[in-house]
Amino acid sequence: MNMNWMEEVKKREKALLQDLHTFLRIPSVRNEQTATEEAPLGKEVYEALCYMLKRGEEEGFVVKNVDGLAGHIEMGHGEEMVGILCHVDVVPTGDGWTFDPFGATIVDGKIYARGALDDKGPTIAAFYAMKIVKELGLPLSKRVRMIIGTDEESDWQCVERYFQTEPMPTLGFAPDADFPIIYAEKGIADFDLVQQPMNQQMDAVLLSFQAGRRYNMVPDFAEAVLQLTNGNDMKERFIKFLQVHTLEGEAYVDGETMKLCVRGVSAHGMEPNNGVNAGLWLAKFLADETLDPQANEFVRFVSQYFYGDTRGKQLGVAHTNEELGDLTINVGVLSYTSEHGGKMGINLRYPVTSDIAHTKEVIERVANGHHFTLTNFSNSSPHYVAKDHPLVQTLQRIYEEQMGERASLLAIGGGTYARSLQAGVAFGPLFPNRPDVAHQKDEYMFIDDLLKATAIYAQAIYELAK
């Protein structure tokens, strides 16, 4: 079929951008403090889910809400099903934005907002792609179902609950990564390393330490509160430390306490080296100071095994693979109180050739030697679809037809909803040579890229379901 998909997208550009603007303005960060039975992950995330389901209903699609955790928008008939896996939740905004993180500001052909690239922009693109296929009345032999999750950025309760009662699509894609096509993804393990509190033999020097909000984000801010002993000397050393390492930060003295702050750069946890981990830098500074024994053990453990090492070399778990690259470790959350000791929230990503059970054993052994315990371990195995699979080959051809360039196959450290499908790949929306600003301050998406992605998704939906 000779169809000008981009022309169809352009006809709907104004409506698409209006819908995207409304959608991006919903601050859909998971928030248990506003949770209810109807909205188990918070009212803001639920509002975003309901927005998409309402738009689906208004456009004549079949919609379903699954316990406020997930939902779907469906068209067509048939035994087989094409799945498009999207999510409405976003990571916290972090600090230092130029624009309102939920303002959906358009400047120089870009729309700025948390979620513009990950994953609200692509979700609207896929929705309009379905709308185009439906409005053109193109014949389909399969159902097309957009599956919408609400906690992709945390622990995936949504898809777990969804597939307890809903059928698995025959094949599908997640518009939540890079073009051309991602056929392989690293395994992802999250866990905590928790310090066993000591019976303090002296007054605490380090009262508290805090950095990070999500395991899969590089912390862009860290602060420590200390009892003022010889505090002025430490303040001077801290200011010099910031200068030597070209870091941003401050030190405040308030009565008998001192607060030290470090500002870093947030980035997606799949490649910690793209960011500057404020928590690790602050621990590095404190590791050379004389604190109370419990605090010393915490900051020195963090500094020894994680500062300057995102590949697990110091822990003894480094591993690399030709297709998927290095095992990576992101220390996404660091917390400490003098009463309860310290805790680290770790996001570990590993290639298919890495033995995660052995890796866990090694980390446990090292941690135990420093009075830390490994707890709350969760694991999502690596995901892989064969390069000659019809899904991969169809999407390759579509991308090449629309973009006029070779559709190379990619393997990534990120984890997308594609791994929820037995036969699923990640497909866009980030085009080659575009900066990946997901999870960063001033996240944006080029409007032209969004429209191109919509055209590609429309053809993909038609060709996979015809």
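**Strand pairing, cavity lining and nonpolar cores**

Asp 67 is found in the loop between S1 and S2, where helices (H or I, at least four residues) and strands (E, at least two) are DSSP runs numbered from the N terminus. The model is a predicted one, in which local features need pLDDT of at least 70 and side-chain atom pairs count only at pLDDT 80 or more, whereas totals for chains, interfaces and linings use all residues. Residues are numbered from 1 along each chain as its sequence is written, and side-chain values use heavy atoms, with hydrogens and water left out.

The phi of Asp 67 is near 60°, a positive value in a residue other than glycine. With a relative accessible area of 45%, Asp 67 is partly exposed, given that buried means under 20% relative accessible area, exposed means over 50%, and partly exposed lies in between (1.4 Å probe, protein chains only). The two strands flanking this turn form a hairpin with 3 residues between them. Strand S1 (residues 62-66) runs antiparallel to S2 and is joined to S2 by 5 bridges, two strands being counted as paired if DSSP finds at least two bridges between them. Within this pairing, Val 63 has Ile 73 of S2 as its bridge partner. S2 also pairs in the antiparallel sense with strand S6 (residues 143-149), over 6 bridges, and here the bridge partner of Gly 71 is Ile 148.

Strand S2 (residues 70-75) is mostly covered, as 6 of its 6 residues are buried. In a regular strand the side chains alternate between the two faces of the sheet. In S2, Ala 70, His 72 and Glu 74 point one way and Gly 71, Ile 73 and Met 75 the other way, and all are buried.

Enclosed and open spaces were located on a 1 Å grid over the protein atoms alone, a cavity being a set of points where a 1.4 Å probe fits but cannot get out, and a pocket an open set with protein on both sides within 12 Å along at least five of seven lines, while lining residues have an atom within 4 Å of a point. Grid points are joined across faces, edges and corners, and a volume is the space filled by probe spheres set on the points. By this rule the count comes to 1 cavity of 30 Å³ or more, and the largest cavity has a volume of about 70 Å³. The lining of this cavity includes Leu 117, Pro 429, Tyr 444 and Asp 449, and by class it has 9 nonpolar, no polar and 2 charged residues; Ala, Val, Leu, Ile, Met, Phe, Trp, Tyr, Cys and Pro count as nonpolar, Asp, Glu, Lys and Arg as charged, and the others, Gly among them, as polar. Strands S23 (429-430) and S24 (444-446) each supply at least two residues of the lining, and the largest share, 3 residues, comes from S24.

Among the lining residues, Leu 117 lies in the loop between strand S5 (110-112) and helix H4 (120-135) and is buried, with a relative accessible area of 7%. The C-alpha atoms of Leu 117 and Tyr 444 are separated by 6.0 Å, although the two residues are 327 residues apart along the chain. Residues up to four places away in sequence not being counted, Leu 117 touches Pro 122, Asp 436 and Glu 443, among others, contact meaning heavy atoms within 4.5 Å. Pro 429, which lies in strand S23, follows a cis peptide bond from Gly 428, with omega near 10°. In the loop between S23 and S24 lies Asp 442, which has a positive phi of about 55° although it is not a glycine; at 14% relative accessibility, Asp 442 counts as buried.

The second largest pocket has a volume of about 290 Å³. It is lined by 14 residues, of which Asp 220, Arg 263, Gly 264, Val 265 and Lys 441 lie nearest its centre, and this lining divides into 4 nonpolar, 5 polar and 5 charged residues.

The largest nonpolar core has 76 residues, those with the most contacts inside it being Met 52, Phe 173 and Leu 395. The largest share of this core, 13 residues, comes from H11. Such a core is a set of buried Ala, Val, Leu, Ile, Met, Phe, Trp, Tyr and Cys residues joined through side-chain atoms within 4.5 Å. Residues up to four places away in sequence again being left out, Phe 173 touches residues including Leu 85, Leu 395, Tyr 457 and Leu 464. A second, separate core of 53 residues includes Leu 193, Phe 285, Ala 295 and Ile 346.
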